[in-house]
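Let's take a walk through this structure together, beginning with a single helix and ending at the ligand. Have the viewer open as you read.

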Amino acid sequence: MSETIGFLGGTGPLGRGLALRLAAAGHDVVLGSREAGKAQALADEVRAAAGEGAGEVRGGTNGEVAAQADIVFLTMPFEGQRTVLEQVAHDLDGKLVVSCVNALGFDGGPHALPVAEGSSAEEARQLAPGARVVGAFHTVSAPKLEDLSRTLEGDVPVVGDDAHDRQRVVDLADAVGLRGVHAGSLRHSHTLEALTAMIISVNKLHGTSAGIAFTGIDPDRARPDQPTGA
Ligand SMILES: NC(=O)c1ccc[n+]([C@@H]2O[C@H](COP(=O)([O-])OP(=O)(O)OC[C@H]3O[C@@H](n4cnc5c(N)ncnc54)[C@H](OP(=O)(O)O)[C@@H]3O)[C@@H](O)[C@H]2O)c1
């Protein structure tokens, strides 16, 4: 596969886990960091874990990732998003950007933070106006992604204003072993980010790492390209 998938803030559990699963599925990936050496060291670990037949795995600065990748995942904490995107936005023009970032606060328990633009993903769209932003993977468990011996289950709601862009991310969710689900326009990203706070509470209260799954979806009846009122 010639397309390169990059991760801004790719050295945390989510970036590592998604990069590992996608590399194992044959995609070329590049992990980004504020420190190139840190990303290169992690890339070596991901390459070794991904095994035979994996895609190419590289590491570099966040700036190198933005310049080199065709699809760019945002896998940094919400607090770091503005600084990173202000530095690299010019290299994201025309690219598909996948926001996994949850704007959450923790004050004894997780809760959704108010964001002026509506959500973290909509802030990203404002900071990188030339990019096509889609939101996905908010509710997945990074430790499960990082353990290739585990079979994944559950759904990945994918929100975005363009059906073709959403489909590309649905396909990536399927590639990591989950099920991508078209979930409407980007304005639903606030719902997904807030839902994640509740899921973290569920997981604390039940001692687990549950995700979400929709019931009753029939692929034969799907019409993913109908207008979503973006
Ligand atoms: N962890 C999960 O299970 C999970 C699941 C779904 C979604 N998410 C979302 O995905 C995002 C990443 O989660 P994570 O647990 O992987 O995060 P994390 O470990 O806290 O951060 C990921 C990377 O972001 C960079 N970073 C940290 N603070 C930064 C700052 N102030 N400015 C710029 N870069 C900074 C760091 O990389 P360098 O130091 O190398 O630059 C860090 O390794 C979050 O928004 C989270 O809500 C997480």
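In this predicted model, helix 7 buries R166, V169, V170, L172, A173 and V176. These buried residues span an arc of only 160° around the axis, so they sit on the same side of helix 7. The reasoning behind such a pattern is simple: an α-helix has 3.6 residues a turn, so residues three or four places apart point the same way. Turn to the other side of helix 7 and you will find H164 and D171, which are exposed.

What do the buried residues of helix 7 pack against? Their partners include two helices, helix 1 and helix 6 (142-146). Strands take part as well: strand 5 (96-99), strand 8 (132-135), strand 9 (155-160) and strand 10 (179-182).

As for its geometry, helix 7 runs over residues 163-176, 14 residues in total. From first C-alpha to last it reaches 20 Å, close to the 20 Å expected at 1.5 Å a residue. Just after the helix comes G177, with a positive phi of about 105°.

Now let's move to the ligand. It is surrounded by 26 residues, and the closest are G9, G12, S33, G80 and A142. Two elements give two or more residues to this shell, helix 1 (13-24) and helix 4 (78-88). Which of them provides the largest share of the shell? That is helix 4, with 5 residues. By chemical character, the shell residues divide into 11 nonpolar, 11 polar and 4 charged. Helix 1 links both parts of our walk: the buried residues of helix 7 pack against helix 1, and helix 1 also contributes to the shell around the ligand.

Key:
Residues numbered from 1 in each chain as written. Predicted model: local features only at pLDDT ≥ 70, side-chain atom pairs only at ≥ 80, totals over all residues. Near = placed C-beta within 6 Å. Helix = DSSP H or I, 4+ residues; strand = E, 2+ residues; numbered from the N terminus. Nonpolar A, V, L, I, M, F, W, Y, C, P; charged D, E, K, R; others polar. Expected span 1.5 Å × (residues − 1). Buried ≥ 20, exposed ≤ 12 C-beta atoms within 10 Å, placed from the backbone. Arc of directions from axis to C-beta. Contact = placed C-beta atoms within 7 Å.
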